[in-house]
Every structure is written in structure tokens, then in C-alpha cells.
Amino acid sequence: MKPIRNALLALGLCSAFAAPLHAAENGGTATIDKDYAHSVWNWEKMGEAHIFWALYGTDGYLTVCGGYTTQGPSATRKFTQIALRDTAVFLNDTSIITNLNWFTSLKGSGSDPKVLGQQVKCKVTTTPIPAKGADVEFDLRSRKDTYRG
């Protein structure tokens, strides 16, 4: 089979500290709003995935929340789920959570998915919230860039 390529290695950037952190109850759920980072994964000849994610604060620790939609054949969803398993959230080049396969599958598809207001799952990390004013950068990264079906 021809390899399916994830076009982006650095899959997105979340500026979680541009606005105050919000509490997500014990990692339960959160509601997607306009401040969520939006990354597009372009699967070669197989459609694309839209990943929505954000960071919150829960009892002094960073909490990751996220979801995704896909456009294309069912293989697009399959490869997106596999790629999420191989993806981590990084804080200044240090992984704070791995295996994002638990991200919520959202309603909607296409290049303009209607996801605002939908609920997504969250997980609390063991990483403390950085000090206010700290120089921080968050991003999603995959360990791999090729998947075969």
C-alpha cells in the first residue's frame, strides 16, 4: 500500500496563556470556544483531519482538552486515530502528555467544521501550571509522519 503522509510534524501551537486559564473539572470535559488551537492534518489523497485543542488549569496542573473531525473516506478517521496515538503535547520541547487517541470525535466535517460549543474530553497532566509571565510555548508533535493502511 502507498504510505499515507501526515503533512505536518509540528501540528499546531496553542497560546493558552494569552487568556486566563479556565478550570476543567478533574479533567472531565470542556466546551470548544474561539480560543482553541486548530490544526489541519492533510492526509495525502485521503482527506484531512481538523484537530482542536486547548490547555486549562486544574488544581495547579495543566489540563489538555481536545477533539477532531475528519473529511474523506473512513480510512481518514482510522489514520487520524492512529496518528493521535503517536502524538504528544509539548511545553518548551518537553512532553507533558502522550497518546492523544482519547480526543473526542466531533460532529461536523469539511474545511469549516462547526465545532464551537461542542464538548471535548480533558486529561489533567502532572505538569504544574507555569508561572505567570513565564516564556512558554505549547505544540503538538507526532513521533511519526508516515502511516500505512
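**Exercise 1. Establish how covered Phe-103 is, and describe its surroundings.**

Phe-103 has a relative accessible area of 3% and is therefore buried, a word used here for under 20% relative accessible area, with exposed meaning over 50% and partly exposed in between (1.4 Å probe, protein chains only). The model is a predicted one, in which local features need pLDDT of at least 70 and side-chain atom pairs count only at pLDDT 80 or more, while totals for chains, interfaces and linings use all residues. Residues are numbered from 1 along each chain as its sequence is written, and side-chain values use heavy atoms, with hydrogens and water left out.

Step 1. Leaving aside neighbours within four places in sequence, list the contacts of Phe-103, where contact means heavy atoms within 4.5 Å; the partners include Ile-51, Trp-53, Val-64, Tyr-68 and Leu-84.

Step 2. Turn to Trp-102, which counts as buried at 12% relative accessibility. The ring centres of Trp-102 and Phe-103 are 5.0 Å apart and their planes stand at 75°, so the pair is edge-to-face. Rings of Phe, Tyr and Trp (its six-membered ring) pair if their centres lie within 6.5 Å, and planes under 30 degrees apart count as stacked, over 60 as edge-to-face and the rest as tilted.

**Exercise 2. Place these residues in the fold and find the nonpolar cores.**

Step 1. Read the elements: the chain has one helix and 12 strands, in the order β-β-β-β-β-β-α-β-β-β-β-β-β. Helices (H or I, at least four residues) and strands (E, at least two) are DSSP runs, numbered from the N terminus.

Step 2. Consider the totals: 46% of the 149 residues are buried, and of the contacts with a separation of 6 or more, 73% are between residues 24 or more positions apart.

Step 3. Find the largest nonpolar core, meaning a set of buried Ala, Val, Leu, Ile, Met, Phe, Trp, Tyr and Cys residues joined through side-chain atoms within 4.5 Å. This core has 23 residues, and Phe-103 is among those with the most contacts inside it, together with residues including Ile-51, Val-89 and Leu-100. Elements giving two or more residues to this core include β4 (37-43), α1 (74-85) and β11 (138-142), and β5 gives the most, with four residues. A second, separate core of 11 residues includes Ile-32, Ala-54, Tyr-56 and Cys-65. In soluble globular proteins, nonpolar side chains tend to be buried together.

**Exercise 3. Describe strand β7 and its partners.**

Step 1. Check the cover of β7: five of its five residues are buried. Thr-87, Val-89 and Leu-91 point one way from the strand, whereas Ala-88 and Phe-90 point the other way.

Step 2. Identify the partners, given that two strands pair if DSSP finds at least two bridges between them. Strand β7 pairs with β11 in the antiparallel sense over five bridges, and Thr-87 has Ser-142 of β11 as its bridge partner. Strand β7 also pairs with β8 in the antiparallel sense, over four bridges, and here Phe-90 is the bridge partner of Ser-95.

Step 3. Examine the hairpin of β7 and β8, which has two residues between the strands and in which Asn-92 takes a positive phi near 45°.

Step 4. Look at the ring of Phe-90: the charged end of Arg-141 sits over this ring, 4.3 Å from its centre, the criterion being that NZ of Lys or CZ of Arg is within 6 Å of the ring centre and within 35 degrees of the ring normal.

**Exercise 4. Trace links between parts of the chain that are apart in sequence.**

Step 1. Count the aromatic pairs, of which the structure holds three. One of them joins Tyr-36 and Tyr-56, with centres 6.1 Å apart and 55° between the planes, and is tilted. Tyr-36 lies in the loop between β3 and β4 and Tyr-56 in strand β5, 20 residues apart, so this pair links distant parts of the chain. Tyr-36 is buried at 8% relative accessible area, and Tyr-56 is buried at 7%.

Step 2. Follow β10 (residues 119-128), which pairs with β3 (residues 29-31) in the antiparallel sense over three bridges, with Ala-30 opposite Val-120. Strands β6 and β10 pair in the antiparallel sense over five bridges, and Thr-63 has Val-124 as its bridge partner in β10.

Step 3. Finish with Trp-41, which is in strand β4 and is buried at 0% relative accessibility. The C-alpha atoms of Trp-41 and Thr-80 are separated by 8.3 Å, although the two residues are 39 residues apart along the chain.
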